[in-house]
Amino acid sequence: MLFAYLVSHFLNHALGNISMDALAAGVYYHTAFWQFLPVAIAFYTAALVHAGLGIWALYQRRQFRWKAIEPLQLVLGLSVPMLVIAHIIGVRLGQTLYGHEKLYPQVLFLYWVSAPYRISLMLAVMTIAWVHGCIGLYLWLRMKAFFKRAAPFLLAAAVLVPTLAMLGFYQGGRNVVDNDSVDWRKENLTAQQVGTRAQQQVLDRITDYALIGYLGLVVLALLARGARAINERRRGMVEKEPTDLGTGQAQRDAAELDRLAAGGVALVRGQLGVAGLQQNAIGRYVELLGRDLAHRGQHALADLDAAGRDGDLAG
Ligand code: HEM
């Protein structure tokens, strides 16, 4: 849903390559759909849940299966709200609270005339949000049967859509700069459209609080991660691994854990021994204590390595 919004929004920007009228026609249909109440509720719920899951993942994730892409995906995703909060509060909350009508002329004037430093910020967030969405879609769709056939077309679209959107942003911005005049401003920057200075200050303050709140949550997640690591190290734990990887994975884990048990490794809380036998063990956590591992020979360590774990963690 979030990516669909991005595609629709970016295609709308791309109309800036044609004319301001084309932008206005596009935004008419774009907003008719996305501001339709059930759609708007679903969209903002999805956005909040998605951001929440991102922060939760920052705390919770211990291991990344695809070593480079998953942490990158997390960092890109976490930076999007920070970069786009001002834009969304300015446009959406301005409309909800005060009935502002900020469409392309108003938003483009803000970026290209009032606050040009925000041009690079918007280009950055367009790139980041798009790459994040494409990685997400790729991780989701790559196993589907049609993916192999569709991949070249998807790649072409993944490059074309943001490129055209950025060019449209540039052309639209240039159009606004070229047409900027007292008359243009009288027509396009009325209090009804962009609000009063006092209203803008309220929106700016809300943006500041939202940013501080969001950053606070990110810092909290990092602190909680740190506290957990210290706590676990004190208890001598070297690894804690979720078994919520599907039945097959749980069974492989269980088989391996049986081997470890046979090698004399104590299984903390006894959960590992049942992980493969009972499907309801999926989703539980498995813990290995360092002092147990320290007593094991090379042989057992090789077992751990075979599962992609880091043997020297055991030292
Ligand atoms: C140069 C880049 C951008 C420009 C020129 C731009 C322009 C606009 C404009 C004119 C609106 C108000 C009309 C409408 O709803 O379409 C808007 C709203 C919005 N934009 Fe953007 N946008 C840009 C980038 C982004 C990005 C990267 C995101 C998300 C990651 C985003 C998310 C939103 C959202 C959520 C709304 C409010 C929709 C609503 O609830 O009405 N925008 N944008």
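1. Among contacts in the protein between residues at least 6 apart in sequence, what percentage join residues at least 24 apart? The figure is 74%, and, like every value in this note, it comes from a model that is predicted.

2. On overall composition, the secondary structure of the protein comes to 14 helices and two strands. Of the 315 residues in the protein, buried residues make up 19%.

3. The surroundings of the ligand deserve a point of their own. A shell of 23 residues surrounds the ligand, and the closest of these are Val91, Val107, Met122, Ala129 and Phe169. Two or more residues of the shell come from each of helix 1 (2-14), helix 2 (20-34), helix 4 (69-98), helix 5 (104-114) and helix 6 (117-141), and among the contributors helix 4 gives the most, with six residues.

4. As to the chemical character of this shell around the ligand, a division by class gives 15 nonpolar residues, six polar residues and two charged residues.

5. Turning to helix packing, the axes of helix 1 and helix 7 (residues 147-179) come within 7 Å and cross at roughly 45 degrees. Angles under 35 degrees count as roughly parallel and those from 65 to 115 as roughly perpendicular, and helix 1 and helix 7 are therefore oblique to each other. The crossing in which helix 1 passes helix 7 is left-handed.

6. The residues behind this crossing can be listed for both partners: helix 1 brings Val7, Phe10, Leu11, His13 and Ala14, and these meet Val161, Pro162, Leu164, Ala165, Gly168 and Phe169 in helix 7. By class, the contact of helix 1 with helix 7 comprises nine nonpolar and two polar residues, with no charged residues. Phe169, which takes part in this contact from the side of helix 7, is also one of the closest residues to the ligand.

7. A second packed pair consists of helix 3 (residues 37-60) and helix 10 (residues 197-234), whose axes lie 8 Å apart at an angle of about 20 degrees. Because angles under 35 degrees count as roughly parallel, helix 3 is described as roughly parallel to helix 10. The crossing of helix 3 and helix 10 is right-handed.

8. In this second pair, Ile55, Leu58 and Tyr59 of helix 3 make the contact with Leu217, Val218, Ala221, Leu222, Ala224 and Arg225 of helix 10. By class, the contact of helix 3 with helix 10 has eight nonpolar residues and one charged residue, with no polar residues.

Methods. Residues are numbered from 1 along each chain as its sequence is written. This is a predicted model: local features need pLDDT of at least 70, side-chain atom pairs count only at pLDDT 80 or more; totals for chains, interfaces and linings use all residues. A residue is near a molecule or strand if its C-beta atom, placed from the backbone, lies within 6 Å of it. Helices (H or I, at least four residues) and strands (E, at least two) are DSSP runs, numbered from the N terminus. Ala, Val, Leu, Ile, Met, Phe, Trp, Tyr, Cys and Pro count as nonpolar, Asp, Glu, Lys and Arg as charged, and the others, Gly among them, as polar. Axes are lines fitted to C-alpha atoms, for helices over the stretch in contact, and angles run from 0 to 180 degrees between N-to-C directions. Angles under 35 degrees count as roughly parallel, over 145 as roughly antiparallel, 65 to 115 as roughly perpendicular and the rest as oblique. A crossing is left-handed if the near helix is turned anticlockwise from the far one by less than a right angle, and right-handed if clockwise. Two residues are in contact if their C-beta atoms, placed from the backbone, lie within 7 Å. A residue is buried if 20 or more other C-beta atoms lie within 10 Å of its own, exposed if 12 or fewer, and partly exposed in between; C-beta atoms are placed from the backbone.
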